[in-house]
Amino acid sequence: AVPGTLGLGPSAPFFSRDSQWLGFGNPGAGFKTSLNGGTLLNLGPLAAFGNGAYWAADGTITFGSARGLLQVSDGGGTPRELTQSQAGQGIHRLPDLLPQGRGVLFAVATPASSAIAVYSPATGRRDLIPSGTAPHYSPTGHLIYAQAGTLFAAPFDPDTLSLTRDPTPVVQGVLQTNTGFPYYSFSD
């Protein structure tokens, strides 16, 4: 067990880019702790990371919520809003930042489905793929995502924030929870 986490009900753990810190949420707050030991740090009551989070090298944590995508400093504080989730239009979750801050890939989940979208400060939100979840940008220039237990790859241009060809299935039999969270990840 990670010291200090027992009894907190931790969920959705994720690592900092340097792999020295572990972030996680519980229903009431977001936390971080050093993997070298030390004090558990509360990042604030609005930073519950249960809908996925991405910890960027610049110290910002982008995370999903029923309100939309939010961003908070890894030192804590008040999260700032990146996107707004309108009533009945789904939860914004499982963010993945694109290289050089060009935008954020994320899933838009409703009780019946999940889709892939991208957000950029310059262009706002754009829907990319009508059915899929857990998007990641690969250094190979592909958008990787899960759909019904299969990973797909689609060539993706991070400058125009668009797919350049249709998606292709690349791995089958990926376990997904009943809420749509697939069990896959990859490192830089």
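Trainee: Are F49 and F63 buried or exposed?

Mentor: F49 is buried, and F63 is buried as well. Buried means under 20% relative accessible area, exposed means over 50%, and partly exposed covers what lies in between (1.4 Å probe, protein chains only). Before we go on, note that this is a predicted model, where local features need pLDDT of at least 70, side-chain atom pairs count only at pLDDT 80 or more, and totals for chains, interfaces and linings use all residues. Residues are numbered from 1 along each chain as its sequence is written, and side-chain values use heavy atoms, leaving out hydrogens and water.

Trainee: Why is strand β2 called largely enclosed?

Mentor: Strand β2 covers residues 21–26, and 5 of its 6 residues are buried, so the rest of the structure largely encloses it. Strands here are DSSP runs of E with at least two residues, while helices are runs of H or I with at least four, and both are numbered from the N terminus.

Trainee: How do you know that β2 and β3 are joined?

Mentor: Two strands pair if DSSP finds at least two bridges between them. Between β2 and β3 (residues 29–34) there are 6 bridges, and the strands run antiparallel. One example is N26, whose bridge partner in β3 is A29. These two strands form a hairpin with 2 residues between them. On the other side of the story, β1 (residues 11–15) is joined to β2 by 3 bridges, again antiparallel, with S11 opposite G25.

Trainee: What makes the pair of F24 and F31 stacked?

Mentor: Rings of Phe, Tyr and Trp (its six-membered ring) pair if their centres lie within 6.5 Å; planes under 30 degrees apart count as stacked, over 60 as edge-to-face, and the rest as tilted. The structure holds 6 aromatic pairs. In the pair F24 and F31, the centres are 5.4 Å apart and the planes are at 20 degrees, so the pair is stacked. F24 is buried at 3% relative accessibility, and F31 is buried at 9%.

Trainee: Why is the pair of F49 and F63 edge-to-face?

Mentor: The ring centres of F49 and F63 are 5.1 Å apart with planes at 85 degrees, so this pair is edge-to-face. The pair links distant parts of the chain, 14 residues apart: F49 is in the loop between β4 (41–44) and β5 (53–55), and F63 is in strand β6 (residues 60–65). Ring pairs also link F14, F49, W55 and F63 into a cluster.

Trainee: How do you know that D159 forms a salt bridge with R102?

Mentor: A salt bridge needs a side-chain nitrogen of Lys or Arg within 4 Å of a carboxyl oxygen of Asp or Glu. For D159 and R102, the closest N and O atoms are 3.1 Å apart. D159 lies in the loop between β15 (150–157) and β16 (162–163) and R102 in the loop between β9 and β10, so the pair ties together parts 57 residues apart in sequence. D159 is exposed at 58% relative accessible area, while R102 is partly exposed at 27%. The structure holds 2 salt bridges; R125 and D127 form one of them, with the closest N and O atoms 2.9 Å apart.

Trainee: What makes K32 lie over the face of W21?

Mentor: A charge sits over a ring if NZ of Lys or CZ of Arg is within 6 Å of the ring centre and within 35 degrees of the ring normal. K32 lies over the face of W21, at 4.4 Å from the ring centre.
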